[in-house]
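Hello,

Here is the structure I promised to pass on to you. Please have a look at it first, and then read my notes below.

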Amino acid sequence: YFSFFTGVTYGNGIFVAVEGSGTILTSTDGITWTSRSSGTTANLSGVTYGNGIFVAVGDYSGTVLTSPDGATWTSRSSEPPVYSDAVAYGNGAFVAVGNSIYYSVDGVTWTSGRPVTDTYLRAVTYGNGTYMSMQAQEILARQGIAARVMDLRWLLPLPVQAIKTHA
């Protein structure tokens, strides 16, 4: 199966990948993928795992989906709508970025931070105690969130076993 994933995460022993038109795929080995029903046709752009649940978000559509296992997904309506391209989990909270920075402790109820006026944020991740984002670094800093930029292109081929071990 070949696909263009827009987001991939690993948690609870399973990889979850998202892509356009509501497509969600899961894999236990990163090689063989199973298609899952998301219940949406929105373009999914980001997915993360934290606090025992997977959270997927859709770009420009306000889509938020949650799953306890990566296979069964529930659509969540959020107020304000979460218009985002990426989502990450760290330090007890989910953070989604797009036209604003959104926060959630459970992946269901979201709070909008200050709207982003100078750019549309497209990437965020969390690692080693710090949120990281190329585009969001300066904006996150203005909101009191420390961020660091890291270039991970040298990690080819992807160290699947190391990701499983440390996820």
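What follows is a short tour of what was found in it.

**Overall picture**

Please keep in mind that this is a predicted model. The chain contains two helices and 14 strands, and 46% of its 167 residues count as buried. If you take the contacts between residues at least 6 apart in sequence, 37% of them join residues at least 24 apart.

**How far to trust it**

The average pLDDT of the chain is 80, and 72% of the residues score at least 70. Strand S7 has the highest mean among the elements, at 96, while helix H2 (residues 160–166) has the lowest, at 63. Please take care with residues 151–156: pLDDT stays under 50 there, and the model has zero contacts for them beyond four places in sequence. Where pLDDT is low, the predicted coordinates should not be read in detail.

**The sheet at the start of the chain**

Four strands make up an open sheet, in the order S1-S2-S3-S4, with antiparallel pairing. Its edges are S1 (7–11) and S4 (34–36), each of which pairs on one side only. From one strand to the next, the twist averages 25°. As general background, strands of a sheet pair through backbone hydrogen bonds, either parallel or antiparallel.

S1 and S2 (residues 14–18) are joined in the antiparallel sense by five bridges; one of the pairs to look for is Thr-9 in S1 with its bridge partner Val-16 in S2. The hairpin of these two strands has two residues between them, and Asn-12 takes a positive phi there, near 55°. S1 is mostly covered, with four of its five residues buried.

At the other end of the order, S3 (residues 24–27) pairs with S4 over three bridges, again in the antiparallel sense. Here Thr-26 has Thr-34 of S4 as its bridge partner.

**Aromatic residues**

How many aromatic pairs are there? The count comes to six. One of them is Tyr-49 with Phe-54, a tilted pair with 4.6 Å from centre to centre and 55° between the planes. The two residues differ in their surroundings: Tyr-49 counts as partly exposed because its relative accessibility is 23%, whereas Phe-54 is buried, with a relative accessible area of 0%.

Phe-54 also pairs with Trp-73: the ring centres are 6.5 Å apart and the planes lie at 50°, so this pair is tilted. Phe-54 belongs to strand S6 (residues 53–58) and Trp-73 to the loop between S7 (64–67) and S8 (74–76), so the pair ties together parts that are 19 residues apart in sequence. Both Phe-54 and Trp-73 are buried.

There is also an aromatic cluster, formed by Phe-5, Tyr-10, Phe-15 and Trp-33.

**A polar contact**

Finally, a serine to look at. Ser-45 sits in strand S5 (residues 44–50). Is Ser-45 buried or exposed? It counts as buried, because its relative accessible area is 11% and the cut-off for buried is under 20%. The side chain of Ser-45 reaches the backbone oxygen of Ser-84, at 3.3 Å.

Happy viewing, and do write back with any questions.

Best wishes

Note on methods:
Residues are numbered from 1 along each chain as its sequence is written. Side-chain values use heavy atoms; hydrogens and water are left out. Two strands pair if DSSP finds at least two bridges between them. Axes are lines fitted to C-alpha atoms, for helices over the stretch in contact, and angles run from 0 to 180 degrees between N-to-C directions. Rings of Phe, Tyr and Trp (its six-membered ring) pair if their centres lie within 6.5 Å; planes under 30 degrees apart count as stacked, over 60 as edge-to-face and the rest as tilted. Buried means under 20% relative accessible area, exposed over 50%, partly exposed in between (1.4 Å probe, protein chains only). pLDDT is the predictor's confidence in each residue, from 0 to 100. Contact means heavy atoms within 4.5 Å. A polar contact is a pair of N or O atoms within 3.5 Å; within protein, one must be able to donate a hydrogen and the other to accept it, and residues adjacent in sequence count only if both atoms are side-chain atoms.
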